[in-house]
Amino acid sequence: MKRTIMYAALVCMSAAVSAQSFSAGNLNYSLNLDKTEAKVVKSPFSGALKIPAKVTYGGKEYPVTTIGEMAFNGCTGITELSLPEGLTTIETYAFERCEGISTLTLPSTVKMIGGSAFYECSGLSELVIPEGVTTIADFAFYRCENLMSITLPESITTLGHNAFEDCSGLTSIKLPSGLKSIQPELFRGCTALTTVVIPEGVGTIGKFVFDKCFALRSVTFPSTLTGIHTEAFRTCTGLKELHCKMKAPIAIGTFHFAKADRNKCVIYVPKGCVNAYRSATGWSEFVKIVEE
């Protein structure tokens with residue numbers, strides 16, 4: 001519902017006609033309020049798409065810094081995508097359902113990838129996010145089902161909820177150290193994901209983060225972790241090992257790892273902490289608790 005309301009609002013905003021809107025080549029643009037930068041706006045397109053670094057309007061040249069909301073939404077005929085250095089922002093729904101895009105190279109100047117920006121871009125197989133990007137918003141790469149490899153830079157501080165949900169081809173991912181929390185449903189439905197290391201600095205893991213991650217075998221929890229939502233790992237049937245760096249066991253209940261085989265899944269804990277885990281609610285249900 002939240003996503004539907006946001007989408008409807010953006011449709012209304014995009015319908016407004018700006019006096020500074022213009023076309024150049026096969027693309028449509030608008031200027032920002034102080035007329036110093038250009039944004040690519042709704043532009044039906046098919047074929048190899050190359051966004052220029054600069055565009056000329058009224059005899060003046062403007063840098064292209066933004067791909068606007070819904071700019072290429074539903075353009076299933078786009079076969080290639082080239083983005084210029086100088087681009088800083090990819091807004092909400094910019095390339096939603098552009099199923100023909102198979103590779104994505106982001107320029108080093110990008111800082112923000114908006115909500116649902118590459119939603120259901122099912123042709124994507126590899127994703128390298130450059131250093132400098134700080135935010136990947138909600139649903140950004142939702143249901144990119146053929147995405148097998150994701151490289152995230154250390155500059156990222158925010159990964160929005162559902163950002164990689166249903167990326168069913170993803171087998172592993174290294175999370176950046178700047179994260180403070182793992183947002184709800186971030187990797188829900190990533191059915192091929194096998195190993196996850198939660199970085200130091202993360203305090204909480206949200207609801208349904210790893211729900212339906214049936215192949216997940218190994219999870220490492222940082223010493224900074226203070227809370228795991230009850231349903232974060234609710235259907236993880238394949239868990240074989242949990243590496244806990246927290247010296248004091250955090251509170252969990254019977255349902256935190258409800259589908260894990262407590263007779264086979266090994267809990268690895270810091271030296272001298274075995275007894276604390278064996279006597280802690282939830283953790284004590286696991287038969288094998290050993291020092292790391």
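**View 1. A polar contact between the side chains of E91 and K39, at 3.4 Å.** This is a predicted model, like every view that follows. E91 sits in the loop that links β8 (89-90) to β9. Leaving aside residues up to four places away in sequence, E91 touches K39, T66, I67, G68, E69, G114 and A117. So much for K39 as a lone partner: T66, I67, G68 and E69 are on the contact list of E91 too.

**View 2. The hairpin of β1 and β2, with two residues between the strands.** Strand β1 covers residues 21-24 and strand β2 covers residues 27-31. The two pair in the antiparallel sense, with four bridges between them. To get your bearings, look for S21, whose bridge partner in β2 is S30. Then check the backbone at G25, which takes a positive phi near 65° in this hairpin.

**View 3. A three-stranded open sheet, in the order β9-β11-β13.** The pairing here is parallel. At the edges are β9 (103-105) and β13 (149-151); each has a single partner strand, so one side of each has no neighbour in the sheet. Neighbouring strands are turned by 5° against each other on average, with direction ignored. Zoom in on β9 and β11 (residues 126-128), and you will find three bridges joining the two. One pair to pick out is T105, which stands opposite V128 in β11.

**View 4. A six-stranded open sheet, in the order β15-β17-β19-β21-β22-β23.** Pairing is parallel in this sheet. The edge strands are β15 (172-174) and β23 (288-291), and since each has a single partner strand, one side of each is left without a neighbour in the sheet. On average, neighbouring strands are turned by 15° against each other, direction ignored. Within the sheet, β19 (residues 218-221) and β21 (residues 241-244) run parallel and are joined by four bridges. For a landmark, take T220, whose bridge partner in β21 is H243. As a reminder for both sheet views, side chains in a regular strand alternate between the two faces of the sheet.

**View 5. Cysteines C144 and C244, without a disulfide.** How many disulfides does a search of the whole structure find? The count is zero. Why is C144 not bonded to C167? The sulfur of C167 is the closest cysteine sulfur to that of C144, but the two are 5.1 Å apart, which is too far for a bond. C144 counts as buried because its relative accessibility is 0%. C244 tells a similar story: its closest cysteine sulfur belongs to C265, and at 9.0 Å that is too far for a bond. C244 is buried as well, with a relative accessible area of 2%.

**View 6. Zooming back out to the whole chain.** The C-alpha trace spans about 75 × 30 × 30 Å along its principal axes. Its secondary structure comes to two helices and 23 strands. Of the 292 residues, 51% count as buried. The chain exposes about 12900 Å², and 54% of that comes from carbon and sulfur atoms. If you're thinking in terms of contact maps, take the contacts between residues at least 6 apart in sequence: 37% of them join residues at least 24 apart.

Notes
Residues numbered from 1 in each chain as written. Predicted model: local features only at pLDDT ≥ 70, side-chain atom pairs only at ≥ 80, totals over all residues. Heavy atoms only, no water. Pairing = 2+ DSSP bridges. Axes fitted to C-alpha atoms, helices over the stretch in contact; angles between N-to-C directions. Polar contact = N/O pair within 3.5 Å; in protein donor to acceptor, adjacent residues only side chain to side chain. Contact = heavy atoms within 4.5 Å. Buried < 20%, exposed > 50% of the residue type's maximum accessible area, 1.4 Å probe, protein only. Areas by Shrake-Rupley, 256 points an atom, 1.4 Å probe, with all protein chains shown as cover. Disulfide = S-S within 2.5 Å.
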